[in-house]
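Trainee: I have a model open and want to question it piece by piece. Can we keep the answers short?

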Amino acid sequence: LKLINLKKRKIDFKRPKIAISLVEGLDPNFKSDVYWDPQIKNKKDILIYIESPYLLRKFKQHIPYIEKLKKSGTAIVNLWEEEIYKDNFEDLLQKIKNVKTKSFLNYYLKNISIELVMRVNFWTNFFEKYNIKVHIDSDDLKFDNIAKQIALELVDGCSVGKIKSYITPNCPLFFEYYHNDIFFCWGKRLVENIKKMKMNNMITNIRNLVVSGNLNQINNKEMIEKISKIKKDFKSGGVKKNILILDTSHDDNKNHNEQLMLSKKVNHFYSKVIDFALNDKNVGLIIKPKKNLNYLDKDIKKKISNLVKMKKIYVENNFKVPVKNFAKISDFAISLTVDSLPSAMLEALCENKKLRCVFYDYPRCSKKEKIFSWGNKKVFFNNVDNMLEKVEKSLFIPKSKIGIWPKTFLESLNPFKPVLYNDKAKYYIQNLIKQFQRFKKKDKSISKVNYLFKKKYGNNFIVKI
């Protein structure tokens with residue numbers, strides 16, 4: 001893709017716009033960065049920017065769709081071709097450069113301060129040039145997010161985010177993990193967890209929580225056909241119970257950057273699960289891995305191949321397919337987690353509240369979540385082998401309490417029934433940019449859209465913190 005021809009496209013630089021970083025893709029049939037409106041109804045309100053040439057290779061199959069958007073009026077910008085036309089922090093940058101120090105720590109701090117000021121300057125230029133007032137970036141772990149958020153404050157704009165990784169209160173991993181002005185939550189439980197984090201200064205920027213339900217709602221012809229084929233294959237293979245397998249991030253932990261669950265432990269988990277399916281003719285597995293299964297031992301991969309021939313297993317290799325699609329046809333879910341209550345499992349529960357779910361509590365998050373008293377050895381386990389043994393014994397017992405989550409928990413997790421369209425997020429974001437186009441000011445625009453949202457959906461679905 002080439003940089004858009006600004007004169008040819010006649011972009012209205014005065015019109016407040018929504019800027020979206022290309023992270024998850026733009027194909028409306030899968031997870032999309034335009035999750036509230038994958039078809040992009042109001043195309044002139046949207047600017048999509050691509051941060052590196054690598055993303056063009058990654059989303060090569062999306063290029064025809066991106067070109068179609070460009071022709072219909074959506075601005076597409078290659079970020080590496082953008083130029084800085086104004087130096088907003090020349091004096092500040094020079095002062096930092098003039099600082100003299102012999103301390104290694106201070107020298108390091110000086111260098112990253114220079115880099116931060118330069119990045120803030122770049123993003124301030126970018127947001128001012130295109131009149132960006134609403135910003136959306138689905139990658140929560142970018143260091144550049146700090147510079148983007150500072151720049152948004154300087155141009156009186158705001159950022160919008162949504163829950164991706166479930167937040168356990170006071171978990172150090174989530175210190176400033178989410179940085180947005182406006183944040184979409186599944187339900188009351190997440191609202192309360194974020195409020196606790198805010199009270200303890202572990203999340204400082206979020207001020208507006210919107211209760212929207214689960215926003216990973218993908219329903220397309222290809223997915224419907226896939227689900228239908230899985231059901232048909234399992235039936236012909238004699239499967240009577242479908243178990244959804246959800247693993248977690250893992251590594252050998254030798255790089256010292258981030259300590260995850262050991263890969264050999266995950267390998268052991270799969271070994272036990274695969275043997276379970278091989279030894280019980282009535283059990284089928286739907287595996288939704290965090291990454292591909294190439295790391296598994298050869299004998300496990302051979303057993304998986306045997307299960308494929310027996311039509312007793314399905315492995316989803318497209319990581320952009322939401323877990324909700326498989327929750328509908330599953331009887332039980334078994335999950336691993338490395339940091340908090342497993343997000344994929346909870347997303348499955350949002351979709352199918354009758355789904356029985358258990359997880360291996362590797363990070364010991366159950367006490368922080370206050371589920372220990374009723375969930376110990378029923379929905380969470382501190383030992384993988386004990387967990388799988390319990391599932392095997394209880395799977396075909398209808399009144400078994402293993403994997404049963406209380407109604408109060410489920411209602412606080414997500415108060416809404418499964419929906420096909422993200423109506424609440426769509427209503428909020430589309431009205432947000434309309435208010436910016438009307439009032440120009442951040443606080444007034446957010447205040448007005450909050451009022452409109454409450455009027456339409458009720459006072460309980462907007463929480464100011």
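Trainee: Which element gives the largest share of the lining of the largest pocket?

Mentor: Keep in mind that this is a predicted model. The largest pocket has a volume of about 1,700 Å³, and 49 residues line that pocket, with Lys31, Lys164, Ser165, Ser249 and Lys290 closest to its centre. Strand S13 (332-336) and helix H12 (343-351) each supply at least two residues of the lining. The largest share is 3 residues, and the element that gives it is H12.

Trainee: How many residues in the lining of the largest pocket are charged?

Mentor: Split the lining by class. The nonpolar class has 21 residues and the polar class has 13. The charged residues number 15.

Trainee: Is H12 mostly covered or mostly open, and how many of its residues are buried?

Mentor: Buried here means under 20% relative accessible area. Ser343, Met345, Leu346, Glu347, Ala348, Leu349, Cys350 and Glu351 of H12 meet that limit. Their cover includes strand S8, helix H11 (324-327), S13, strand S14 and helix H15 (407-413). H12 is mostly covered, and the buried count is 8 of 9 residues.

Trainee: At what angle does H12 run to S14?

Mentor: H12 lies across S8 (241-246), S13 and S14 (356-360). Helix H14 (384-394) also packs on the sheet, touching S13, S14 and S15, and makes about 160° with S14. For H12, the angle to S14 is about 170°.

Trainee: Which strands stand at the edges of that sheet, and why is one side of each left without a neighbour?

Mentor: Six strands form an open sheet with parallel pairing, in the order S12-S11-S8-S13-S14-S15. Each edge strand has a single partner strand, so one side of it has no neighbour in the sheet. The edge strands are S12 (313-315) and S15 (380-381).

Trainee: Which residue of S12 is the bridge partner of Leu285?

Mentor: Start from the strand pair. Strand S11 (283-288) is joined to S12 by 3 bridges, and the two run parallel. The partner of Leu285 in S12 is Ile313.

Trainee: Which element gives the most to the lining of the second largest pocket?

Mentor: That pocket holds about 730 Å³ of space. It is lined by 21 residues, and Lys142, Phe143, Asp144, Asn145 and Ile146 lie nearest its centre. Two elements give two or more residues each: helix H5 (104-130) and helix H6 (144-154). The top contribution is 6 residues, from H5.

Trainee: Asp144 sits in helix H6. Is Asp144 buried or exposed?

Mentor: Check its contacts beyond four places in sequence: Asp144 touches Arg119 and Trp123. Then check accessibility against the 20% limit for buried residues. Asp144 has a relative accessibility of 15%, so it counts as buried.

Trainee: Val117 lies in helix H5. What is its relative accessible area?

Mentor: Leaving aside neighbours within four places in sequence, Val117 is in contact with Phe89, Leu92, Leu93 and Ile96. Its C-alpha atom is separated by 9.4 Å from that of Glu90, 27 residues apart along the chain. Val117 is buried, and its relative accessible area is 11%.

Trainee: What is the volume of the second largest cavity?

Mentor: The structure holds 6 cavities of 30 Å³ or more. Residues lining the second largest include Ile18, Trp36, Asp37, Gln430 and Ile433. By class, its lining has 6 nonpolar, 2 polar and 2 charged residues. Its volume is about 90 Å³.

Trainee: What is the phi of Lys377?

Mentor: Most residues other than glycine have a negative phi. Lys377 lies in the loop between helix H13 (372-375) and S15. It is exposed, with a relative accessible area of 53%. Its phi is positive, near 65°.

Trainee: Lys440 also has a positive phi, about 75°. Is Lys440 buried or partly exposed?

Mentor: Lys440 is in the loop between helix H16 (423-439) and helix H17 (442-457). Partly exposed covers the range between under 20% and over 50%. At a relative accessible area of 45%, Lys440 is partly exposed.

Key:
Residues are numbered from 1 along each chain as its sequence is written. This is a predicted model: local features need pLDDT of at least 70, side-chain atom pairs count only at pLDDT 80 or more; totals for chains, interfaces and linings use all residues. Side-chain values use heavy atoms; hydrogens and water are left out. On a 1 Å grid over the protein atoms alone, a cavity is a set of points where a 1.4 Å probe fits but cannot get out, and a pocket is an open set with protein on both sides within 12 Å along at least five of seven lines; lining residues have an atom within 4 Å of a point. Grid points are joined across faces, edges and corners, and a volume is the space filled by probe spheres set on the points. Helices (H or I, at least four residues) and strands (E, at least two) are DSSP runs, numbered from the N terminus. Ala, Val, Leu, Ile, Met, Phe, Trp, Tyr, Cys and Pro count as nonpolar, Asp, Glu, Lys and Arg as charged, and the others, Gly among them, as polar. Two strands pair if DSSP finds at least two bridges between them. Contact means heavy atoms within 4.5 Å. Axes are lines fitted to C-alpha atoms, for helices over the stretch in contact, and angles run from 0 to 180 degrees between N-to-C directions. Buried means under 20% relative accessible area, exposed over 50%, partly exposed in between (1.4 Å probe, protein chains only).
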